[in-house]
Amino acid sequence: MGYRMKTTMILLPLVLAACSAPQVPTRFSARDAGFDTVQARTSKAIGKRTVWAQSQAETVNLSKQVRAMVQGKTISAETAVQAALLNNKGLQASYAAIGLSAAEAWQQSTPENPVVSIGLMGIGAPEVGLYRAIESAIAVNLLDARTRKERVALAEAAFQQAQMSAVNDTLSLANETREAWINAVGAFETLSYLKKAAATADASAELAQQLGKTGALNKAGQAREQAFNAEMAGQVARARLDAQLAKEQLTRLMGLWGADVNYYVPDALPSLPNGIRSTGNVEQLALANRVDLEVARLGLAATARAFGLSDATRTLTDLEVIAGVELEKEVEDGDKEIVATPQVEFEFAIPIFDSGKARLRSAELSYLQAANVLAERAVNVRSQARAAAASYRSSHQIAQHYRQVVLPLRRTIEEEALLSNNGMITSTFDLLNDTREKLSSELEAANAKRDFWLASAGLSAAIYGGGSGAGGGGEAVAIAAGGGGAGH
C-alpha cells in the first residue's frame, strides 16, 4: 500500500500531523459569529436594538414585535427606526453576509481533507485470481498548511470588513428611516397649511362670485380669484400625493405590508430646539467614529494580507511528492508470492512561463489602490463633517428667523388688517390676501423646520456614517416627541 503526499519529506508522522485539524476559533464557528460587534457599534451610534434572525420562528417573532409597535398607532421617529431595524429584510441579508465571511474564515482555518485512492490492477488475470496488484494512495496538501496562516489572516480581515459593512448598512437604514419619517411628517404638515390656504382661496372665489352678481366686481376680477382657487386645488392634490408617497417610502423601509401598513405619523414636526449642539470638533468625531472609514482601513489591511500570500506562493504554487509501495502477486512454479515494490514520484509546476511576477505586481497595485481609496475617504469624511455642521447651524438660524421674525410680523399684519376691515377701512379681499400671505409664510417656516431636522439627522450621519441620513444624536429625543394630532 502506497502513500501519496504533497510534501518535501516522505515521512508518515508528518502526514498524520498534517491530517490532524487544528481547533477552529469559536469566533468563526459560532451561530451568530461577528454579530456582537454589530450590536455594540450600532447601539453606541443610534441606541437601538438589532437582531439577526436565522430561522423562520425568529423571523415570525420579530414580525409580531413590529406589528405590536406600529399597527393602528401614531409612531415616532424612534419607533420607525426600531421597526425598520427589526423588520427590514435587506438588512437581514447584510447580516447573513457576516455569516458567509465567518464560514469562509472557518473553512480557511481547516486543512484540506486527505484524498484516498485505491486501485486494483490486472483484474481477472487467470494465473493470479481476482486481481494482480493493489495500489493505494493518500494525498495530503502540506503546502496548504504552509500558507494557512496567511490565508486565515486574510479571511479574518474580510470577516472584520463584513462586520463593519453590516454596521454601516444598519446605520444607513436607520438614517434613511429617520429621514423618511421627517419627510412624511413634513409632507402632511405642508398639506395642512395648503388646505388652509385653499379654504381661504375658496372663500375669496365665493366672495368674488357674489360681488360679480351685484356688479361690484368685473369678470376679470372674478376670473382672477377663481383661477387662484383652482390652482390651490391642484397644489393641495399634489401635496396630498407627495404625503402619500413619503409615507409609502417610510413603510417600505420598515418592511411593512398587508394589515401592518395601517399606522399613522404625526400631523406636524416638533418645534425647534432653543439651542443646538456644539460642532467645533465635528471633524475629529467623524474620523474617530465613521464606520465607512473603518471599512476602508480594513480593506487596506486585507489587501496587505493578500499581498503577503501572493508573495509566499509567487513561484511555488503546488508541490506533490508521491511515495508508496505496490503490492503485486507473482506466480512462479505454481507458487504465489506477494512482492512489495517501493515507489517515489515528484510532481511540481516548473515556473518557466509564469514566474508569479504578474500576480505579485497585481497585488502591489491592489494595495496601492486600497491605500488611495482610504486616503480619499478620509478627505471626504472631513469635508462631509464640515458641510453637515454648516448646514446644521445655518438651517437652525433660518428656521429661527422665520419663527421669531417673519411669523410674528405676519400675525401683526393679519390682526391689523382684521381691525381695519371691521372698521370698514380695508376691503375683505385685502384681508383674505393678508391671510393667504400669512399662510404662505407659515408654510415656509414649516419647510425651514423640516430642513433643520434633516440637517440634524445629517450631522449625526456625518459623524457615525451610514449615508446622508441620520444616525442618532442629540436631537433624536426631540424628534421622538413628534407633533400633535391623530396623525395620518
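Two residues are in contact when heavy atoms of theirs lie within 4.5 Å of each other. Keep that in mind as you work through these exercises on a predicted model.

**Exercise 1. Which residues does Asn-289 contact, leaving aside its neighbours within four places in sequence, and is Asn-289 buried or exposed?**

Step 1: Find the residue. Asn-289 belongs to helix 9, which covers residues 282-289.

Step 2: List its partners. Leaving aside neighbours within four places in sequence, Asn-289 is in contact with Arg-41, Lys-44, Ile-463 and Tyr-464.

Step 3: Check how covered it is. The cut-off for buried is under 20% relative accessible area. Asn-289 has 11% relative accessibility, so it counts as buried.

**Exercise 2. Describe the protein chain as a whole.**

Step 1: Start with the secondary structure. The chain has 13 helices and five strands.

Step 2: Look at burial. The chain has 488 residues, and 43% of them count as buried.

Step 3: Turn to the surface. About 25,000 Å² is exposed, with carbon and sulfur atoms supplying 55% of it.

Step 4: Ask how far apart in sequence the contacts reach. Among contacts with a separation of 6 or more, 80% are between residues 24 or more positions apart.

**Exercise 3. How many salt bridges does the structure hold, and which parts of the chain does the pair Arg-27 and Glu-156 link?**

Step 1: Recall the principle. Side chains of opposite charge can pair when their charged atoms come close.

Step 2: Take the total. There are twelve salt bridges in the structure.

Step 3: Examine the pair. The side chains of Arg-27 and Glu-156 form a salt bridge at 2.9 Å, N to O. Arg-27 sits in helix 2 (residues 26-29) and Glu-156 in helix 7 (residues 142-214), so this pair links distant parts of the chain, 129 residues apart.

Step 4: Add the surroundings of Arg-27. Its relative accessible area is 42%, so Arg-27 is partly exposed.

**Exercise 4. Are the partners Arg-178 and Glu-78 buried or exposed, and which residues share a network with them?**

Step 1: Confirm the bridge. The side chains of Arg-178 and Glu-78 meet at 2.4 Å, N to O, in a salt bridge.

Step 2: Place both ends. Arg-178 lies in helix 7 and Glu-78 in helix 5 (residues 77-87), so the bridge ties together parts 100 residues apart in sequence.

Step 3: Judge burial. Arg-178 and Glu-78 are both buried.

Step 4: Widen the view. Lys-48, Glu-78 and Arg-178 are linked in a network of salt bridges.

Now try another bridge that involves helix 7. Lys-449 and Glu-189 join their side chains in a salt bridge of 3.0 Å, N to O. Lys-449 is in helix 12 (residues 428-464) and Glu-189 in helix 7, 260 residues apart. Lys-449 counts as buried at 13% relative accessibility, and Glu-189 is buried with a relative accessible area of 4%.

**Exercise 5. Where are the buried residues of helix 3 around its axis?**

Step 1: Test the length of the helix. Helix 3 (residues 35-46) has twelve residues, so at 1.5 Å a residue it should span 16 Å; its end C-alpha atoms are 16 Å apart, which agrees.

Step 2: List the buried residues. They are Phe-35, Val-38, Thr-42, Ala-45 and Ile-46.

Step 3: Read their directions. These residues cover an arc of only 95° around the axis, so they are on the same side of helix 3.

Step 4: Look at the other face. Turned away from the buried side are the exposed residues Asp-36 and Lys-44.

Step 5: See what comes after. Gly-47 follows helix 3, and its phi is positive, near 65°.

**Exercise 6. Which residues have the most contacts inside the largest nonpolar core?**

Step 1: Size the core. It has 87 residues.

Step 2: Name the residues with the most contacts inside it. They are Ile-75, Tyr-95, Trp-181, Leu-250, Met-254, Tyr-263 and Val-265.

Step 3: Find the main contributor. Helix 7 gives the largest share of this core, 22 residues.

Step 4: Zoom in on Tyr-263. Not counting residues up to four places away in sequence, Tyr-263 touches residues including Ile-75, Leu-250, Met-254 and His-488.

Key
Residues numbered from 1 in each chain as written. Predicted model: local features only at pLDDT ≥ 70, side-chain atom pairs only at ≥ 80, totals over all residues. Heavy atoms only, no water. Helix = DSSP H or I, 4+ residues; strand = E, 2+ residues; numbered from the N terminus. Buried < 20%, exposed > 50% of the residue type's maximum accessible area, 1.4 Å probe, protein only. Areas by Shrake-Rupley, 256 points an atom, 1.4 Å probe, with all protein chains shown as cover. Salt bridge = Lys/Arg side-chain N within 4 Å of Asp/Glu carboxyl O. Core = buried A, V, L, I, M, F, W, Y, C linked by side-chain atoms within 4.5 Å. Expected span 1.5 Å × (residues − 1). Arc of directions from axis to C-beta.
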